[in-house]
Structures are given as structure tokens and as C-alpha cells.
Protein chains: 2
Amino acid sequence: MLIGSGNLAFHLHKALLGAEGVSLLALVARRLESLSDFEAAVPKFPMGTLLEDADLYVLAVSDHAIAPVMRHYAGSKSLFVHTSGAMGLEVLEPVQRKGVFYPLQTFTKNREINFESVPICIETSLESDIAILSTIAGTLSKKVLEISTEKRRSLHLAAVYINNFSNHMVYLGEMLCKKAGLPENLLYPLLHETCEKVQDLSAYEAQTGPARRNDTQTQQAHLNLLKEAPDKEFYKMISESIRRTYEQ
Amino acid sequence: MLIGSGNLAFHLHKALLGAEGVSLLALVARRLESLSDFEAAVPKFPMGTLLEDADLYVLAVSDHAIAPVMRHYAGSKSLFVHTSGAMGLEVLEPVQRKGVFYPLQTFTKNREINFESVPICIETSLESDIAILSTIAGTLSKKVLEISTEKRRSLHLAAVYINNFSNHMVYLGEMLCKKAGLPENLLYPLLHETCEKVQDLSAYEAQTGPARRNDTQTQQAHLNLLKEAPDKEFYKMISESIRRTYEQ
């Protein structure tokens with residue numbers, strides 16, 4: 001059973017439908033209309049429905065929705081897992097058999113994701129439940145890892161840097177280009193090579209630029225171009241972090 | 001004539017040798033030994049050599065080396081261009097015919113670059129020189145643009161965000177993963193998708209995560225994981241910048 005109707009739930013339901021040896025018995029959501037994009041053939045039930053045949057209930061809902069959803073299932077004897085990078089097992093408290101099924105990836109509805117290559121981090125409160133969770137995760141992905149909540153939280157934080165923060169740097173670069181009245185596509189070959197390089201080399205080796213080589217003259221020229229105080233602070237802080245990385 | 005022996009000089013000399021309708025007459029460097037990796041067939045001369053047949057002298061040297069190199073050529077009647085994103089024309093002062101030939105890309109010696117797709121930003125002090133510079137740049141790249149020093153400087157700053165800063169975010173993410181005792185390759189599928197997504201969508205649309213959706217609870221949990229004060233400040237500043245982006 002899959003509970004939720006967001007980006008992850010959408011991708012997960014598609015992957016589960018395509019996976020061998022596992023069957024998606026039902027979809028559950030607070031508002032059933034929100035499942036209209038989902039496969040029509042899969043039965044849809046309201047929150048709190050329990051099916052005798054279900055081995056696993058997967059909550060693909062946002063962090064703050066986990067506890068409210070679980071109130072519908074208090075006392076159930078089934079295995080419930082959430083998909084959050086940040087939450088511990090205790091958030092599933094009203095049931096005994098708790099677990100985590102955290103796919104380390106960024107999901108957007110309109111982009112296809114090959115689940116086979118997505119690392120899935122699993123954890124269970126009862127050791128006896130790890131086998132079933134591992135088996136189901138294994139039908140979706142080739143990379144299933146048992147990882148503690150503590151390590152998963154570090155991984156989730158790392159993912160924010162790798163994805164959200166790097167993406168924001170690209171956004172700020174695109175804005176600087178736009179503000180100068182230049183077409184953004186001028187930057188695309190550089191963005192492409194940046195991406196290729198950071199995947200071929202480590203980010204440590206791939207680094208270049210004024211902060212890397214401690215070229216304070218160019219950094220000062222850049223600071224002069226940045227008009228606003230917070231933009232200057234921002235540039236200084238990141239440059240300083242790069243400098244520190246290479247002085248060690 | 002190509003002056004310099006660094007990453008850009010290396011890639012530029014290879015591209016010039018492969019380009020139709022242009023011939024690379026000579027390579028020039030302060031220390032000729034530094035040209036040992038360069039094509040043996042091209043004559044190599046010491047700094048200050050002038051060749052009567054040369055239409056163009058390209059300085060592929062670091063910013064602070066431009067002025068010292070130019071002292072060797074004071075009073076020459078030839079066209080001299082530098083390859084810097086940050087410097088103006090005046091740095092070429094001891095000659096009259098000045099110009100800029102700035103390829104917007106990140107260059108590393110061991111990585112092949114297809115120059116055809118690298119935007120080349122050109123500028124000259126004399127309007128009569130733009131044609132020859134444009135023609136030579138056009139033999140290397142399909143994207144040659146006449147761009148003022150002011151705009152080129154903004155572009156150079158944008159490139160720092162797009163390349164150096166985003167690369168550093170990936171580095172910090174990789175370090176968090178390593179510190180948690182987890183293998184870095186766990187993050188590769190996420191890095192790959194991050195790269196694909198930011199090239200398919202705009203960075204603005206591609207953004208996800210706690211700062212984007214103003215999820216302060218998750219952000220606080222992340223801050224608790226970051227032990228050191230500068231790391232906390234760093235996380236806060238970038239998250240705040242993301243939040244501001246989406247409240248507008």
C-alpha cells in the first residue's frame with residue numbers, strides 16, 4: 001500500500017507497478033482527487049484503510065504529515081515505513097513495526113527517474129522486518145543499504161548541498177547574466193562542462209577560479225560589481241570557504 | 001602567435017592547429033621548457049619575439065601576468081588580445097591595437113574541450129580590428145559575440161557562481177557524506193540527476209528542498225547536525241538566499 005500523492009508517491013507508484021515480484025495493492029490519499037494522475041487500474045482508498053494482504057505500508061508524504069497520517073493506523077500490526085531523510089523511527093509511534101525507506105534522489109513529476117540506480121536507505125525498528133523491506137526495496141533498486149537514522153540524516157543534509165545549494169548557485173549565476181542584459185544560453189556550455197567535470201573528477205580536483213588560487217585582486221573586482229551588501233557577504237563567505245578548503 | 005603555457009594556452013593551441021583558415025605561427029612563453037607538452041612542430045620563441053606575418057598575438061596568461069608580458073611588446077604595431085574575463089583593454093596599454101578574446105569555459109589540461117561550442121567574447125579598441133578578430137575567433141567557435149568589458153565582467157562573475165561556487169557545494173556535500181562514514185558514490189545518482197535537471201529546466205524551476213518550501217523544521221534539524229558556527233552561518237545564509245528567491 002502506498003500512501004501519498006506527491007512527486008515521490010507518483011514516481012514510486014510507477015516504479016512499483018513495473019517491478020517484478022511485488023504488487024501494489026492500493027493507493028491511499030487524504031483527498032482521492034489528488035490521485036487523478038496515478039494509474040487508474042490501482043484501487044484507491046481513503047486514509048485508514050487496512051488490507052489483510054498488505055505486507056507493507058509506505059508513507060510517501062511530507063515530514064510534517066507523517067504523524068497525522070499515522071493516527072489513522074494506530075495499533076495496526078502491519079509494517080509501516082516512511083520515506084523521509086530527516087525523520088527518525090519514533091514518528092511512526094502508534095504502530096509497533098516501524099521502518100524507513102528513503103530513496104536518495106530528487107523527484108519532479110514530469111521527469112522520469114530510473115529507480116534501478118536510486119540508492120534506497122532502509123531501517124527497521126525490529127530486526128525481523130529488515131528482510132521483507134530489503135526484498136521489496138530490492139525489486140526497485142540495485143542499491144539497497146541498511147543505514148541508521150543518524151547516518152541517513154547526514155546523507156539528507158549532504159543532499160541539500162549537492163542538489164539545492166549547487167542549484168541555487170547556478171540560479172544566481174543565471175541572474176547575474178540576465179541583469180547584464182546577456183542571454184542565459186551563453187552560460188550553457190560552461191554549465192555543461194561544470195557538470196561533466198564534477199562527475200568525472202572529484203569536486204575537490206575539479207575546482208578552479210579566483211578563490212581556489214587565492215587571487216584576491218579578481219575577488220575584489222567581483223565584490224565591486226556586486227552592489228548590495230548581502231550579495232557581497234555571500235560572495236565573500238563562499239570564497240572564504242573555498243580558500244580554506246585548499247589551504248589545509 | 002600564442003603567448004602562454006597554462007591550461008587555456010594548451011587547449012587554445014590544439015584548437016588553433018585544428019582550425020581551418022588560420023595558422024599558428026609560433027608559441028611564446030617565459031620559460032620555453034613549460035611548452036614541452038605542446039605540439040613539437042610549432043616553433044617556440046622567447047618573450048618579445050615579433051613575427052612580420054603574425055596578424056594577431058593572443059596572451060593566454062593569468063591576469064597579473066598581462067602587464068609584465070606586454071612590456072616586452074611596447075610600441076608594436078600588431079594587434080594584441082588578452083583572454084581574461086576580468087581585465088579591461090587598458091592593461092594592454094603599451095600597444096595601440098588592443099583587444100579581448102575571452103572564451104567562456106573552464107579549462108583543465110587533461111579534459112578535452114570542443115571549442116566549437118565555447119562562446120568567445122571579443123572586443124577591440126579600434127573598430128577596424130573587430131573584423132580580423134571575429135574571423136579568427138569564428139574559425140574556432142560557432143558562437144562569437146562582441147561584448148563590452150563591463151558586460152564581460154558580469155559574465156565572468158556569473159561564471160564563478162555557475163562553476164566555482166556550485167562545484168564547492170558539491171564538495172561540501174561529499175565531505176558531509178565522508179564524515180558520516182558513508183561512501184561518496186551514494187551521492188552520484190543524485191548529483192547526476194541534479195546536473196541533468198538544471199540543464200533541462202531553469203535553475204529556478206529545478207529547485208526543491210527545505211529552503212525552497214520554507215520548511216524551517218527540517219532546516220533547524222540540519223543546523224543541529226552542523227557542529228561548527230561557520231558551517232551553521234553558511235547553511236543559514238544560502239538557505240535564506242533561496243527563501244528570498246521564492247518569496248518574490
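**Helix packing within and between two chains**

Let's start inside chain A, where A:Gln219, A:His222, A:Leu223 and A:Asn224 in helix H7(A) meet A:Lys232, A:Tyr235, A:Lys236 and A:Ser239 in helix H8(A). Sorted by class, that contact brings together 2 nonpolar, 4 polar and 2 charged residues. To find the two helices, look at residues 216-225 of chain A for H7 and residues 229-247 of chain A for H8. Their axes come within 9 Å and cross at roughly 155°. An angle over 145° counts as roughly antiparallel, and H7(A) and H8(A) are therefore roughly antiparallel to each other. The crossing of this pair is right-handed.

Before going further, keep in mind that you're looking at a predicted model. The mean pLDDT of chain A is 95, and 100% of its residues reach 70 or more. As for the model's overall scores, ipTM is 0.94 and pTM is 0.93.

Now bring in the second chain. How is chain B laid on chain A? A turn of 180°, with a shift of 0.0 Å along the axis, does the job, and the RMSD is 0.0 Å. That's the relation of a two-fold axis. If you want a landmark for the axis in chain B, go to B:Ser166: its C-alpha is the one nearest the axis in that chain, 2.1 Å from it. The interface fits this picture too: 100% of the interface residues of chain B are also interface residues in chain A, so the copies meet through the same surface.

What do the helices do across that interface? Take helix H4 of chain A, residues 149-179, and helix H5 of chain B, residues 188-200. Their axes come within 10 Å and cross at roughly 20°. Angles under 35° count as roughly parallel, so H4(A) and H5(B) are roughly parallel to each other. Like the pair inside chain A, which crosses right-handed, H4(A) and H5(B) have a right-handed crossing. On the H4(A) side, the contact is made by A:Ala159, A:Ile162, A:Asn163, A:Ser166, A:Asn167 and A:Val170, and H5(B) brings B:Leu190, B:Leu191, B:Thr194 and B:Val198. By class, this contact has 6 nonpolar and 4 polar residues, with no charged ones.

Finally, go back to H7(A), because it also packs against helix H4 of chain B, residues 149-179. Here the angle is about 110° and the axes are 10 Å apart, which makes H7(A) roughly perpendicular to H4(B). H7(A) makes this contact through A:Thr218, A:His222 and A:Leu225, and H4(B) through B:Arg153, B:Ser154, B:His156, B:Leu157 and B:Val160. The tally by class is 3 nonpolar, 4 polar and 1 charged. Notice A:His222 in particular: it takes part in the contact with H8(A) and also in the one with H4(B).

Definitions and conventions: Residues numbered from 1 in each chain as written. Chains lettered and ligands numbered in written order. Predicted model: local features only at pLDDT ≥ 70, side-chain atom pairs only at ≥ 80, totals over all residues. Heavy atoms only, no water. Axes fitted to C-alpha atoms, helices over the stretch in contact; angles between N-to-C directions. Helix = DSSP H or I, 4+ residues; strand = E, 2+ residues; numbered from the N terminus. Parallel < 35°, antiparallel > 145°, perpendicular 65-115°, else oblique. Left-handed = near helix turned anticlockwise from the far one by under 90°. Contact = heavy atoms within 4.5 Å. Nonpolar A, V, L, I, M, F, W, Y, C, P; charged D, E, K, R; others polar. pLDDT = per-residue confidence, 0-100. Least-squares fit on C-alpha atoms with pLDDT ≥ 70 in both.
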